[in-house]
Amino acid sequence: TPGIASGGLSVETYLGHNFAFRVGGSYADVDLPQRIVGTVNDEKNSPVVNRGYGHTAGAGVRYYDDPIGSSVYAGMDIDYSIAKVGWKFHDELYRTERYAAEPSLVAGYRSVWHNGVLARIGAGVGLPSVAAQHVVTETSGPDAEEGEEKINDILDQQVLAKLDFGFGVMF
C-alpha cells in the first residue's frame, strides 16, 4: 500500500540538575504512488524518492532551563543512520545506500502539563559525515547520467535542517 510511515522512541534521564542524557532510534518507510512521483519529477526536473526505508540510532545531551516543568532547551546529538532508497528521474530508476554519522545541534521548547504529559518542538542543524554512499543506476536511458549526478548532489549536502517534535510522559 503506498504511503509514508515513520516512528521513533527515545528515553531521557537527568545527569544532574539541568542536563539530560538521551538515547533513541527511529524507522521510516516510504512508498509513493507513481502519479505523485511523476508529477513532482516533471514539475521540478529533479530526482524524486519513490520508495525506501531507513533507521537511526543515537544519543545526546540536552540542557533544560527548568528540569521538571515547561522549559526552553538546547542540546547536542550524534546519530548513526542507514538509508536504502529508490529514486526516479524522468524514465530512469536508481537505487542508493547511505551510511552516515550525523552530529547535530537542536534548540526548542518543551511544555509539561500537571499530569506529566509533555510536548516538545524544536529545530536545529545536522552535519552529516557520510561513511559510505552508493548510487546504482538501474536503467540506461538518455537521462541516466544526469539523474545520477543530481542524486549525488542531493546526497552530498553538508548541512541538513532538522525538526524536533516529541510527545511523552514524565515519571
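Q: Which residues does D79 touch, not counting residues up to four places away in sequence?
A: Let's start by placing this residue in the predicted model. D79 is found in strand β4, which covers residues 71-89. Leaving out residues up to four places away in sequence, its contacts are R22, A57, G58, A59, A100, A101, E102 and K162.

Q: Is D79 buried or exposed?
A: A residue counts as buried when its relative accessible area is under 20%. D79 has a relative accessible area of 15%, so this residue is buried.

Q: Is E145 buried or exposed?
A: E145 sits in helix α2, made of residues 144-155. The cut-off for exposed is over 50% relative accessible area. The relative accessibility of E145 is 60%, so E145 is exposed.

Q: Which residues form a negative surface patch?
A: We have already met one member, E145, in helix α2. The patch is negative, and its members are E145, E149, D153 and D156.

Q: In what order do the elements of the protein chain run from the N terminus on?
A: It helps to know the parts beforehand: the protein chain has 2 helices and 8 strands. Written α for a helix and β for a strand, the order from the N terminus is β-β-α-β-β-β-β-β-α-β.

Q: How far apart do the centres of the positive and negative side chains lie?
A: Let's look at the two sets in turn. The protein chain carries 13 positive side chains and 22 negative ones. The distance between the centres of these two sets is 6 Å.

Key
Residues are numbered from 1 along each chain as its sequence is written. This is a predicted model: local features need pLDDT of at least 70, side-chain atom pairs count only at pLDDT 80 or more; totals for chains, interfaces and linings use all residues. Side-chain values use heavy atoms; hydrogens and water are left out. Helices (H or I, at least four residues) and strands (E, at least two) are DSSP runs, numbered from the N terminus. Buried means under 20% relative accessible area, exposed over 50%, partly exposed in between (1.4 Å probe, protein chains only). Contact means heavy atoms within 4.5 Å. Patches are made of residues with over 30% relative accessible area and no salt bridge: like charges are joined within 9 Å, nonpolar side chains (Val, Leu, Ile, Met, Phe, Trp, Tyr) within 5 Å. Accessible areas come from the Shrake-Rupley method with a 1.4 Å probe; for residues, only the protein chains shown count as cover. A salt bridge is a side-chain nitrogen of Lys or Arg within 4 Å of a carboxyl oxygen of Asp or Glu. Lys and Arg count as positive and Asp and Glu as negative; His and the chain ends are not counted. The place of a charge is taken as NZ of Lys, CZ of Arg, CG of Asp or CD of Glu.
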